[in-house]
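Please look through the sequence and the model below before reading on. The paragraphs that follow lead from the overall fold to single side chains.

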Amino acid sequence: VRPTRRGWTMKLHNDLKLANLLPPGFICVVMATIWSVYVSLHLLPLMQLGVPDLLQDLEKVQRGLSQAVISQLLTALFLICYARAVLTSPGRIPNSAEWRMGDSDPSVSPSTSEVKVTGERRHCKWCLKYKPD
């Protein structure tokens with residue numbers, strides 16, 4: 001991607017296609033649903049927030065508070081990991097001679113564990129570079 005304004009705009013436009021946004025959006029909706037059901041139907045009744053102090057079961061309130069702290073900490077860790085996984089670039093094949101088709105000496109090329117049926121190295125048909133194992 002070129003650092004020109006038009007290049008960044010084209011890259012951003014290509015990344016924001018509906019097909020690219022549906023899977024992460026689906027995961028977010030599912031996780032938000034699970035979280036909201038857990039909080040509203042388990043944690044809030046367990047903490048007895050609307051009950052007067054004299055009628056509260058202190059053991060349940062303590063258990064509710066400890067479960068809330070643990071579950072919300074785990075939820076925050078999950079959200080951090082998910083955001084990092086979604087926002088991290090998967091990388092790309094280097095633009096050196098050993099990865100370009102036809103530019104490298106076959107005796108110098110790295111040994112591969114995955115090859116085609118013909119024994120040739122796998123390659124990308126669009127960028128004409130060898131695929132890493």
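In what follows, a residue is called buried when its relative accessible area is under 20%, exposed when that area is over 50%, and partly exposed in between. R122 has a relative accessibility of 24%, and it therefore counts as partly exposed. The position of R122 along the chain is in the segment after α3, and its C-alpha atom is separated by 9.1 Å from that of T112, a residue 10 positions away along the chain.

The model is a predicted one, and confidence should be considered before any detail. The mean pLDDT of the protein chain is 84, with 83% of the residues at 70 or more. Helix α1, residues 5-15, has the lowest confidence, at a mean of 56, whereas α3 has the highest, at 96. Where pLDDT is low, the predicted coordinates should not be read in detail.

The secondary structure comprises 3 helices and 0 strands, so that from the N terminus on the order of elements is α-α-α. Of the 133 residues in the chain, 12% count as buried.

Which residues make up the nonpolar surface patch? The patch, of about 600 Å², is formed by F26, I27, V30, M31, I34, F78 and L79. Two elements, α2 (18-47) and α3, each give two or more residues to this patch, and the largest share, 5 residues, comes from α2. F26 lies in that helix, α2, and F26 counts as exposed because its relative accessibility of 56% is over the 50% cut-off.

F78, a member of the patch, also takes part in an aromatic contact. A pair of aromatic rings is described by the distance of the centres and the angle of the planes. The count comes to 1 aromatic pair, in which F78 and Y82 are stacked, with 6.0 Å from centre to centre and 15 degrees between the planes. Why are F78 and Y82 separated by about one helical turn? The reason is that they are 4 residues apart in helix α3, which spans residues 58-87. F78 itself is partly exposed, because its relative accessible area of 33% falls between the two cut-offs. Another ring, that of Y130, has R121 lying over its face, at 4.1 Å from the ring centre.

The next contact brings the reader back to R122. Side chains of opposite charge can pair when their charged atoms come close. The structure holds 1 salt bridge, in which the side chains of E114 and R122 meet at 3.7 Å, N to O. Both partners can be placed on the accessibility scale: E114 is partly exposed, with a relative accessible area of 42%, and R122, at 24%, is likewise partly exposed.

Two backbone positions complete the tour. Q48, a residue other than glycine, has a positive phi near 50 degrees, and its place is in the loop between α2 and α3. Is Q48 buried or exposed? Its relative accessibility is 11%, and Q48 therefore counts as buried, this value being under 20%. L128, also a residue other than glycine, has a positive phi near 55 degrees and is found in the segment after α3. L128 is partly exposed, because its relative accessible area of 48% lies between the two cut-offs.

Definitions and conventions. Residues are numbered from 1 along each chain as its sequence is written. This is a predicted model: local features need pLDDT of at least 70, side-chain atom pairs count only at pLDDT 80 or more; totals for chains, interfaces and linings use all residues. Side-chain values use heavy atoms; hydrogens and water are left out. Rings of Phe, Tyr and Trp (its six-membered ring) pair if their centres lie within 6.5 Å; planes under 30 degrees apart count as stacked, over 60 as edge-to-face and the rest as tilted. Buried means under 20% relative accessible area, exposed over 50%, partly exposed in between (1.4 Å probe, protein chains only). A charge sits over a ring if NZ of Lys or CZ of Arg is within 6 Å of the ring centre and within 35 degrees of the ring normal. Patches are made of residues with over 30% relative accessible area and no salt bridge: like charges are joined within 9 Å, nonpolar side chains (Val, Leu, Ile, Met, Phe, Trp, Tyr) within 5 Å. Accessible areas come from the Shrake-Rupley method with a 1.4 Å probe; for residues, only the protein chains shown count as cover. A salt bridge is a side-chain nitrogen of Lys or Arg within 4 Å of a carboxyl oxygen of Asp or Glu. pLDDT is the predictor's confidence in each residue, from 0 to 100.
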